[in-house]
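Student: Hi! Could you walk me through this protein with me looking at it on screen?
Tutor: Happy to, let's bring it up.

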Amino acid sequence: MTSPDSPRFRVHPSPVGDILIVTTDEGIVTLHPFDGPLGAELEWVSLALRAVPLPDDDEGTDAATSALLDAAITQLDEYFDGDRRSFDLELDWRLVRGFTRDALEAVREIPYGETAGYGEVAIAAGSPRAARAVGTACATTPFSIVVPVHRVVRADGSLGEYGGRPDVKKYLIDLERPAGVEVPERPAGV
């Protein structure tokens, strides 16, 4: 028998690939696009949570969990359709600690369609010398898209990485840019 408070998950297709959404009784604990096998993603989440997420169609999923997963999917679809500029979802921050949370909270303040440098985010997070730590926070966040780490760029304006998928970062930034505004390409050697 499964516990009603077991983490639940759904996989949702999107223009940037499948997105894994995992909830706990506190909110969404991870939401990110993934490129590999689902089993590997669930294994990482299971180890981090010390509990195996169950599919939300498994018996025992409560109405609140289903509603949260439905809301996440609706808001993601609205975002990708260009109809949503920010997310209103309950997040469970248990996998995020210390400065990483401060940095991600600062990232949440970057307006739709704009970018900020790693150093700017470090200043906003209260640690002006922590630009590299901001990079680590963005690279390891359990919340992609809904915490817009794609809006954090290098000091020279070039995009940088995005979990090893700079093409996804460019897609998300282009999605948010007004028509006709170009995103600069990464200079050679950077």
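Tutor: Before we start, one bit of vocabulary: Ala, Val, Leu, Ile, Met, Phe, Trp, Tyr, Cys and Pro count as nonpolar, Asp, Glu, Lys and Arg as charged, and the others, Gly among them, as polar. Keep in mind too that this is a predicted model.

Student: Got it. How many helices and strands are there in the protein?
Tutor: The protein has six helices and six strands. Going along the sequence, the pattern reads β-β-β-α-β-α-α-β-α-α-β-α.

Student: And what is the radius of gyration of the protein?
Tutor: It is 17 Å, and a compact globule with 190 residues would be near 16 Å, so the two agree. The C-alpha atoms fill a box of roughly 55 × 35 × 30 Å along the principal axes.

Student: Okay, new topic. At what angle do α3 and α5 pack?
Tutor: Helix α3, residues 98-107, and helix α5, residues 131-140, pack at about 80°, and their axes are 9 Å apart. Angles of 65 to 115 degrees count as roughly perpendicular, and α3 and α5 are therefore roughly perpendicular to each other.

Student: Which residues make the contact?
Tutor: From α3 come Phe99, Thr100, Ala103, Leu104 and Val107, while α5 brings Ala133, Val134, Ala137 and Cys138. By class, that contact has eight nonpolar residues, one polar and no charged.

Student: Now the empty spaces! What is the volume of the largest pocket?
Tutor: The largest pocket has about 540 Å³. It is lined by 25 residues, and the closest to its centre are Cys138, Ala139, Ser144, Tyr162 and Gly163.

Student: Which elements give two or more residues to that lining?
Tutor: Those are β3 (27-33), α1 (38-49), α5 and α6 (166-176). Helix α5 gives the most, with four residues.

Student: How do the residues of that lining divide by class?
Tutor: The pocket lining has 11 nonpolar, eight polar and six charged residues.

Student: How many cavities of 30 Å³ or more are there?
Tutor: The count is one cavity, and about 30 Å³ of space lies in the largest cavity.

Student: Which residues line the largest cavity?
Tutor: Its lining is made of Phe87, Asp88, Leu89, Leu91, Arg108 and Val146. Using the classes from the start, that gives four nonpolar, no polar and two charged residues.

Technical notes:
Residues numbered from 1 in each chain as written. Predicted model: local features only at pLDDT ≥ 70, side-chain atom pairs only at ≥ 80, totals over all residues. Heavy atoms only, no water. Axes fitted to C-alpha atoms, helices over the stretch in contact; angles between N-to-C directions. Parallel < 35°, antiparallel > 145°, perpendicular 65-115°, else oblique. Contact = heavy atoms within 4.5 Å. 1 Å grid on protein atoms, 1.4 Å probe; cavity = no way out; pocket = protein on both sides within 12 Å on 5 of 7 lines; lining within 4 Å. Points joined across faces, edges and corners; volume = space filled by probe spheres on them. Rg over C-alpha atoms; globule rule 2.2 N^0.38 Å.
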